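Let's take a walk through a protein model together, one piece at a time. Keep the 3D view open and click on each residue as it comes up.

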Amino acid sequence: MEFFCYHRDRPGSVDLRGELIEEHWSYMDRYAAEMIARGPTFADDGDTPTGSVHIVDLPDTAAARAFAFDEPNYQAGAYRDVLLRRWRNMLGRTMWDFPGGRTGGNRYLVIGLGPGRTADRTVPPARDELIAYGPLLSDDESTWVGTAVLLRAADPDTARRVLAADTYASVEVHDWQFGGRPS
């Protein structure tokens, strides 16, 4: 079962996240085989972290909740909230399989939260720019609640256009980069 997890930073938590970076990486190392994508989001300045994305393949909802809420930054209070939803990997690959590689170009997280009407259930034509793409679903997968995308794009407006704008209650665009331990 695939899950999308987005931990949003609590304002002023940068120092705390810095103190916990090794604990965070060690925790994530335990999930290396289950990881589809991961990485931090950033404020407009490009340097200040605003959150942490993890897309993982876990046995069940209980395992996903444990993954999200046992995370060291969450336990220490660095995050203000967590978006945890079932997700379906429409590209059938991990971020490490992205043809564009780990660097080069602007990378974004786009989250569209739906009003209840299903949208964007098929992969858009610009597949080579997509790092991860899939619907956000209810726990039992019976209800579409949105779409989450990681992609390379020229700018935030171009990234936003990967989703059909008029079919979502809201669309968020965040600067994002490939995550994991530095090599």
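Let's begin with aspartate 29, which is partly exposed, with a relative accessible area of 40%. That label has fixed cut-offs: buried means under 20% relative accessible area, exposed means over 50%, and partly exposed is in between, using a 1.4 Å probe and protein chains only. Before we go on, you should know that this is a predicted model, where local features need pLDDT of at least 70 and side-chain atom pairs count only at pLDDT 80 or more, while totals for chains, interfaces and linings use all residues. Residues are numbered from 1 along each chain as its sequence is written, and side-chain values use heavy atoms, with hydrogens and water left out.

So what does aspartate 29 form with arginine 181? It's a salt bridge, and the closest N and O atoms are 2.8 Å apart. The term stands for a side-chain nitrogen of Lys or Arg within 4 Å of a carboxyl oxygen of Asp or Glu. Arginine 181 lies in the segment after S8 and aspartate 29 in helix H2, so this pair ties together parts that are 152 residues apart in sequence. Names like H2 and S8 come from DSSP runs numbered from the N terminus: helices are H or I runs of at least four residues, and strands are E runs of at least two.

Arginine 181 also forms a salt bridge with glutamate 22, with the closest N and O atoms 2.9 Å apart. Here too distant parts of the chain are linked, since glutamate 22 sits in helix H2 (residues 21-29), 159 residues from arginine 181. Glutamate 22 counts as partly exposed because its relative accessibility is 42%, and arginine 181 is partly exposed as well, at 34%.

The structure holds 10 salt bridges. Another of them joins arginine 17 to aspartate 9, with the closest N and O atoms 2.7 Å apart, and here both partners are buried. Look as well for Arg8, Arg80, Asp81 and Glu172, which are linked in a network of salt bridges.

Now for the nonpolar residues. A nonpolar core is a set of buried Ala, Val, Leu, Ile, Met, Phe, Trp, Tyr and Cys residues joined through side-chain atoms within 4.5 Å. The largest one has 19 residues, and Phe4, Ile55, Trp87, Leu109, Leu150 and Trp176 touch the most other members. Strands S1 (2-9), S2 (35-42) and S3 (49-57) are among the elements that give two or more residues to this core, and S6 gives the most, with 3 residues. Apart from this core lies another, of 16 residues, including Val110 and Leu151.

Which residue of strand S8 could we visit next? Try histidine 174, which lies in that strand and counts as buried because its relative accessibility is 16%. Leaving aside neighbours within four places in sequence, histidine 174 is in contact (heavy atoms within 4.5 Å) with Tyr6, Arg8, Thr41, Arg107, Tyr108 and Leu109.

Next come the aromatic rings. A pair of aromatic rings is described by the distance of the centres and the angle of the planes. Rings of Phe, Tyr and Trp (its six-membered ring) pair if their centres lie within 6.5 Å; planes under 30 degrees apart count as stacked, over 60 as edge-to-face and the rest as tilted. The structure holds 6 aromatic pairs. One of them, tyrosine 31 with phenylalanine 67, is edge-to-face, at 4.7 Å centre to centre and 80° between the planes. Tyrosine 31 is in the loop between H2 and S2, and phenylalanine 67 is in helix H3 (residues 61-69), 36 residues apart. Both tyrosine 31 and phenylalanine 67 are buried, and together with Tyr27 they form one aromatic cluster.

Finally, stay with helix H3, where Thr61, Ala64, Phe67 and Ala68 are buried. Why do the buried residues of H3 line one face of the helix? Seen down the axis of H3, they fall within an arc of 120°, so they line one face; the arc is that of the directions from the helix axis to the C-beta atoms. What covers the buried residues of H3 includes S1, H2, S3, helix H4 (72-76) and S4.
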